[in-house]
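Trainee: I have a model to look at. Can we go through some of the terms used for it?

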Amino acid sequence: MKKCLLRICCLCVGFLLFGCDQGIGLEYNAAGYVEAVLKNVYLGDSSAYCDYVDVSAEEAKKEYEGGMEVETDFFFYQLALEEVSQETHEQYEEFYKELYQNAQFEVNLRDTEEKDGEQVYKVEVLIKPITFFSDLGPQIDEIFDAELEKDYPSEKELDEGIATAVLELLNANKGNINYGDEEIVLVTIEKDEDGLWYFDDEDFNTIDGRILTYFAY
């Protein structure tokens, strides 16, 4: 299965920097901005994010938690699980919060250029992809097959049974984190028509697909 671009749809579309030009003649810290966004999205660390983006710590936390909720929805979508209890859903969200604490990325400014009289920044993000799900893919398949052989009285109970059994496997292995080969994603930071610094959705989606890989079939 292949990870789609679902997660970003429920996050802030187009991460914007409001009114922070850092003064006339001063170089804008584009790499710091990208790093702040990624730390809030994946680590729940909004300490720098709130300085770059016009949101409160509470709003930043809601963005972070909303991302974990959508990540859970995406995982259930991949497994075709449509009827899972709210309690189990929340347990998956907590699992994802722990898993993403292992995210490894480094952000550096690569280059600057001028476009229509404005500075454009090229920022590189070095990522070591977490291969947790691809590593466990065969075991998840085995759980799926075993649960399907059981005599569940309803589709809802089957979905709940699969989700619960898979979560037990994930939690049992969350201390065993492996990484793929380092990858580089190049991000463009520029101003939009309103003069606001802009982190393009497509660039974010590319990063999102590298931070955590899913099943490889």
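Mentor: Start with polar contacts. A polar contact is a pair of N or O atoms within 3.5 Å, where one can donate a hydrogen and the other can accept it. Keep in mind that this model is predicted.

Trainee: What makes aspartate 200 a cap on α8?

Mentor: A side-chain oxygen of aspartate 200 lies 2.9 Å from the backbone nitrogen of glutamate 202. The cut-off is 3.5 Å. Aspartate 200 therefore caps the N-terminal end of α8 through a polar contact.

Trainee: Which residues of helix α8 are buried?

Mentor: Asp203, Phe204, Asn205, Ile207, Asp208 and Ile211.

Trainee: Why is the pair of tyrosine 33 and tyrosine 52 called tilted?

Mentor: The structure holds 17 aromatic pairs. In this one, the centres are 6.1 Å apart and the planes meet at 40°. Ring centres must lie within 6.5 Å to pair, and planes under 30 degrees apart are stacked, over 60 edge-to-face, the rest tilted. So this pair is tilted.

Trainee: What does that pair tie together?

Mentor: Tyrosine 33 lies in helix α2 and tyrosine 52 in helix α3, so parts 19 residues apart in sequence are tied together.

Trainee: How do you know whether tyrosine 52 is buried or exposed?

Mentor: Its relative accessible area is 14%. Buried means under 20%. So tyrosine 52 is buried.

Trainee: Why are phenylalanine 133 and tyrosine 214 called a stacked pair?

Mentor: Their ring centres are 4.8 Å apart, with the planes at 15°. Stacked needs under 30 degrees. So the pair is stacked. Phenylalanine 133 is in helix α6 and tyrosine 214 in the segment after α8, 81 residues apart.

Definitions and conventions. Residues numbered from 1 in each chain as written. Predicted model: local features only at pLDDT ≥ 70, side-chain atom pairs only at ≥ 80, totals over all residues. Heavy atoms only, no water. Buried < 20%, exposed > 50% of the residue type's maximum accessible area, 1.4 Å probe, protein only. Helix = DSSP H or I, 4+ residues; strand = E, 2+ residues; numbered from the N terminus. Phe/Tyr/Trp six-rings, centres within 6.5 Å; stacked < 30°, edge-to-face > 60°.
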